[in-house]
Amino acid sequence: MIAFLVQTLRIATPYLFAAAGGIISERAGIIALTLEGFMLTGAFCAALGSYYSGSPWVGILAGAAGGLVAALLHALATIRYRADQVVVGIAMNLLAVGVTRFFLRLAFDSSSNSPRIPGFGGGRGGSGVFSSLANPLVWLGILCMVAVGWLLYRTPFGLRVRAAGEKPEAALSVGVPVRRVRWLAVALSGASAALAGVYLALDQHQFTDGMTAGRGFIALAAVIFGKWDPKRVTIACLLFAAAETMQIRLQSLQLVPSQFVEMIPYVLTIVALAGVVGRAVQPAALGRAVD
Amino acid sequence: MTPPAIDRPASDRTARVRVALEESLLPPLVALVIAAVVGDILIVIFGQSPGDVYRQLLEGTWGNAYGFGQVIYKATTLTFTGLAVALGIRAGLFNIGAESQLASGGFLAALIGLAMPPGTPGLLAVPACLMAAALGGGVVGAVPGVLKARFGASEVIVTIMLNFVVLALLNYIVATHIHVSETLHTPEIHAGALPRFTAVLPMFAGSAANATFLLALATAAAVWWYLFSTRPGYELRAVGLQPDAAEYGGVCVGKVWARAMLLSGVLAGLGGLNYVLGYKHYYEEGFGTGSGFLGIAVALVGRNHPVGVVIAALLFATLSQGGLAVNALVPKQMVDVLTAVVIIAVATVVPEVRRAVAASRTAGVGNPRAPAEGGRVAIDGPGGRSDSRVPIPDSRP
């Protein structure tokens, strides 16, 4: 039972990081289609930093910095130049795939993975209860979500973020610098989502091409399924992770094909968006550029 | 600069033509220049000479019949997905689901091709497979359209989520029921295969270019006709430009959305024929990976016009094939980076150019106010998800 809970938490950690970033970006009115790309960038930069410094802590910093740079590029295009957020979001994901592959060849002369890097825990497949709980990033992931909840509902900045996402014109008229608030929110989202990738790279002790494998979109699904509220999103992340854990544990029994378990987050999200009762309603100004 | 004068129709027309040309040609050109600069930087980082790389890229694509055939083959799929995305954008909808619609179309076509007895005449088999591909793509496309029309569910999110659902489902069916052992593909179809260009023009030997390319061109012409010469096409464009106004004009916005997504899915689904009927003659897991997303790039650079889409499809096919041609010098992933840069550059440059053009247009007729909403029409249609909140009274029971 404890092993089950710990494994769920391990699988949920990247979702928590990325979803925390997704919440803050979407609540500020910027669509978070880029989580996947930020994660991949973070994972690659973490591998670089950890490999060349020999310390996973430098890897964490490098990963967060990488995500931050990617997020600033996204903000430049969508906020400063008011480019369409969906188009740029999709392109940012393609860019992350291309850039990480290109520099993987350049830095490690490989088209599939980096050499082994210093990380946390017992290494690839190390699923021991103790080694998981000793990974500081697992705790940081929970903290990240708590911090986002506090930031959104307990600070002036959070109020401004929510205003920027719901009624930016009204916020502007009372002197809230909406664009600056959005810049900050996207930057935070990039760093946070990058940590999700950092966790993956340091946990597996290497970077592999495309290692995020759609987890950024699961995190986005959690954000929508959790109705953009940190508490509910946390529950959604844990729920999706628990389903995966269950599938891994029951694999030998062949009760449900793995493909159907994979579908759960996506199907639930579609149902939530179309649901007649308790439908998920996005922030009012999501996706809208502000002058 | 001559200000457009509205009291002199003749010069007004010249000015309008000039403005239209500027609007349609300038953004892609600026984007290509930006991409070329980024490409130069990447090539230099890798310690190669940009001139060598670009020369090799051109020689490997347009310089010989095999490379050119491969470009045609890749452009065929991209034309279909590009048309799919473009049609959606014309209706103000973002179809990010071309990826799974393409797969689903290809899958159904392969199923029908397998179901028919060997020796079924092509005149019967090919249209049957064509209908199957249209059905496969159309069903997957229609779901987000209907959900948008009925519940206002964001088609962006629904199509993304459906990609994962549909691909997982197809993966399951193929893996557990009809794959050839040790592979991830179905057996070869019994009937419905289309001839490769090699059959008529031996110089294309080895390349995968096939008759589906002609179908792609015909489809582009059909989309052109549909959008600009038919009543439903007019309604579709009206909804894309301004749903509220279209609603007042008597158009049922919800129906148009559902129809547009259906058609968009059909177009993407037909793209599956290129691989299944024209190239390998079976459905394989992941055969079109990336084509759906590239379709977005194609539609953007092609300015959502069928002619532009065909040209842009050739451009991106050249890049993609060119990546393989230069792989010995620089990693082929360079073209992935360039593709993304082109998309970001076009998305960023188009609104800016539009604002500039609009400002120069209004400056002459005594209207100092440039349109404040320039960013909203950045991509020839409503771009934001905020549109999902438009009330659609008569689409509800």
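How many residues of chain A are in contact with chain B, and how many of chain B with chain A? Let's start there, keeping in mind that this is a predicted model.

**Stop 1: where the chains meet**

Select both chains. On chain A, 42 residues are in contact, and their partners are 46 residues of chain B. Now pick out three helices of chain A: α4 (85-108), α10 (215-225) and α12 (258-274) are the elements that give two or more residues each to the side touching chain B. Colour α4(A) brightly, since this helix gives the most, with 14 residues. If you colour that side of chain A by class, you'll get 28 nonpolar, six polar and eight charged residues. As for the overall scores, the model has ipTM 0.88 and pTM 0.87.

**Stop 2: α1 against α11**

Next, select residues 2-27 of chain A, which form helix α1, and then α11 (230-249). Two packed helices are described by the angle between their axes and the distance between the axes. Here the axes come within 8 Å and cross at roughly 140 degrees, so α1(A) is oblique to α11(A). The crossing of this pair is right-handed.

Show the side chains along the contact. From α1(A), look for residues including Phe4(A), Ile11(A), Tyr15(A) and Ile23(A). On the α11(A) side, the contact includes Pro230(A), Val233(A), Phe240(A) and Arg249(A). Taken by class, the residues of this contact are 14 nonpolar, four polar and two charged.

**Stop 3: α1 against α2**

Keep α1(A) on screen and add helix α2, residues 35-53 of chain A. These two pack with their axes 10 Å apart, at an angle of about 130 degrees. That angle makes α1(A) oblique to α2(A), and the crossing is right-handed. Zoom in on Ala18(A), Gly21(A) and Gly22(A) of α1(A), which meet Leu35(A), Phe38(A) and Met39(A) of α2(A). This contact has four nonpolar and two polar residues, but no charged ones.

**Stop 4: two residues with positive phi**

Where is His205(A)? Look in the loop between α9 (178-204) and α10 of chain A. Its phi is near 60 degrees, a positive value in a residue other than glycine. Is His205(A) buried or exposed? His205(A) counts as buried because 21 C-beta neighbours lie inside 10 Å.

Then jump to Lys227(A), in the loop between α10 and α11 of chain A. This residue isn't a glycine either, yet it has a positive phi of about 50 degrees. Lys227(A) has 16 C-beta neighbours inside 10 Å, so it counts as partly exposed.

**Stop 5: a distance to try**

Click on Val146(A), in helix α6 (residues 136-154) of chain A. With 15 other C-beta atoms within 10 Å, Val146(A) is partly exposed. Now draw a line from the C-alpha atom of Val146(A) to that of Ala96(A): the two residues are 50 apart along the chain, and their C-alpha atoms are separated by 28 Å.

**Stop 6: confidence in chain B**

Finally, colour chain B by pLDDT. The mean is 83, and 88% of the residues of chain B reach 70 or more. Select residues 1-7 of chain B: pLDDT is below 50 there, and the stretch has 13 contacts beyond near neighbours in sequence. Do likewise for residues 365-397 of chain B, where pLDDT stays under 50 and the model has 73 contacts beyond four places in sequence. Where pLDDT is low, the predicted coordinates should not be read in detail.

Terms used
Residues are numbered from 1 along each chain as its sequence is written. Chains are lettered from A and ligands numbered from 1 in the order in which they are written. This is a predicted model: local features need pLDDT of at least 70, side-chain atom pairs count only at pLDDT 80 or more; totals for chains, interfaces and linings use all residues. Two residues are in contact if their C-beta atoms, placed from the backbone, lie within 7 Å. Helices (H or I, at least four residues) and strands (E, at least two) are DSSP runs, numbered from the N terminus. Ala, Val, Leu, Ile, Met, Phe, Trp, Tyr, Cys and Pro count as nonpolar, Asp, Glu, Lys and Arg as charged, and the others, Gly among them, as polar. A residue is buried if 20 or more other C-beta atoms lie within 10 Å of its own, exposed if 12 or fewer, and partly exposed in between; C-beta atoms are placed from the backbone. Axes are lines fitted to C-alpha atoms, for helices over the stretch in contact, and angles run from 0 to 180 degrees between N-to-C directions. Angles under 35 degrees count as roughly parallel, over 145 as roughly antiparallel, 65 to 115 as roughly perpendicular and the rest as oblique. A crossing is left-handed if the near helix is turned anticlockwise from the far one by less than a right angle, and right-handed if clockwise. pLDDT is the predictor's confidence in each residue, from 0 to 100.
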